[in-house]
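Here is a walk through one small fold, taken from its sheet to its core, its cysteines and its charged pairs. Have the model open while you read.

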Amino acid sequence: MSKNVYILRERKQTGELHLFLANSTEQNECKSQHKSICGQMDIEEKSRTIFSCQPEDRARTQCAKIGRNICTTCVSHLYMDEI
């Protein structure tokens, strides 16, 4: 069984912050999607991890503390209503 979690990474060249949707596995590992939520960053790009494997509520809180440096398309995903 897996559940959705989030990873926030900073692109080294530009300092942009992007969110990646990931799945938390039973082995407490985090498997990320290849592209960021906005589709503008690949997981393989040179970057550093700001946080990893965070559930939506914790990711939302941490992103709010960081502020404007996060891609608005990525962060808006945390505030979408589920259908």
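A residue is called buried under 20% relative accessible area, exposed over 50%, and partly exposed in between (1.4 Å probe, protein chains only). This is a predicted model, so to speak of local features we need pLDDT of at least 70, side-chain atom pairs count only at pLDDT 80 or more, and totals for chains, interfaces and linings use all residues. Residues are numbered from 1 along each chain as its sequence is written, and side-chain values use heavy atoms, with hydrogens and water left out.

**The sheet**

Let's start with the strands. Helices (H or I, at least four residues) and strands (E, at least two) are DSSP runs, numbered from the N terminus. Two strands pair if DSSP finds at least two bridges between them. Four strands make an open, antiparallel sheet here, in the order E3-E2-E1-E4. E3 and E4 stand at the edges with a single partner strand each, so one side of each has no neighbour in the sheet. On average, neighbouring strands are turned by 35° against each other, direction ignored.

Angles run from 0 to 180 degrees between N-to-C directions, with axes being lines fitted to C-alpha atoms, for helices over the stretch in contact; contact itself means heavy atoms within 4.5 Å. On those terms, H1 lies across E1, E2 and E4, and runs at about 140° to E4. E4 and E1 are joined by five bridges in the antiparallel sense.

**The core**

What sits inside? A nonpolar core is a set of buried Ala, Val, Leu, Ile, Met, Phe, Trp, Tyr and Cys residues joined through side-chain atoms within 4.5 Å. The largest one has 14 residues, and those with the most contacts inside it are Tyr6, Leu8, Leu19, Phe51, Cys63, Ile70 and Leu78. Strand E1 (3-11), strand E2 (17-24), helix H1 (56-66) and helix H2 (72-76) each give it at least two residues. E2 supplies the largest share, three residues. Apart from this core lies another, of five residues, among them Ile7, Phe20, Ala22 and Met41.

Which residues does Leu19 touch, leaving aside its neighbours within four places in sequence? Its contacts are Tyr6, Ile7, Leu8, Ser36, Ile37, Phe51, Cys63, Cys74, Val75 and Leu78.

**The cysteines**

A disulfide is counted when a pair of cysteine sulfur atoms is within 2.5 Å. Searching the whole structure turns up one disulfide. Cys30 and Cys53 form it, with an S to S distance of 2.4 Å. This pair links distant parts of the chain, with Cys30 in strand E3 (residues 30-32) and Cys53 in strand E4 (residues 47-54), 23 residues apart. Cys30 is partly exposed, because its relative accessibility is 24%. Cys53 is also partly exposed, at 29%. There's a backbone quirk too: phi of Cys53 is near 55°, a positive value in a residue other than glycine.

Why does Cys63 have no bond to Cys74? The closest cysteine sulfur to that of Cys63 is indeed in Cys74, but at 8.9 Å it is too far for a bond. Cys63 is buried, since its relative accessibility is 3%. Cys71 is in no disulfide either, and the nearest cysteine sulfur, that of Cys74, is 3.8 Å away. Cys71 counts as buried because its relative accessible area is 13%.

**The charged pairs**

A salt bridge is a side-chain nitrogen of Lys or Arg within 4 Å of a carboxyl oxygen of Asp or Glu. By that rule the count is five, and the table shows three of these pairs, including their closest N and O atoms.

| Pair | Closest N and O atoms |
|---|---|
| Arg48 and Glu10 | 2.5 Å |
| Arg11 and Glu16 | 2.6 Å |
| Glu45 and Arg11 | 2.7 Å |

Arg48 in strand E4 and Glu10 in strand E1 are 38 residues apart, so far as sequence goes. Glu10 also has Arg48 as its bridge partner in E4. Glu10 is buried at 19% relative accessible area, while Arg48 is partly exposed at 45%.

Salt bridges that share partners join Arg11, Glu16 and Glu45 into one network. Arg11 is buried, with a relative accessible area of 11%. Glu16 is partly exposed at 32%, and Glu45 is partly exposed at 26%. Glu45 sits in the loop between E3 and E4, 34 residues from Arg11 in strand E1.
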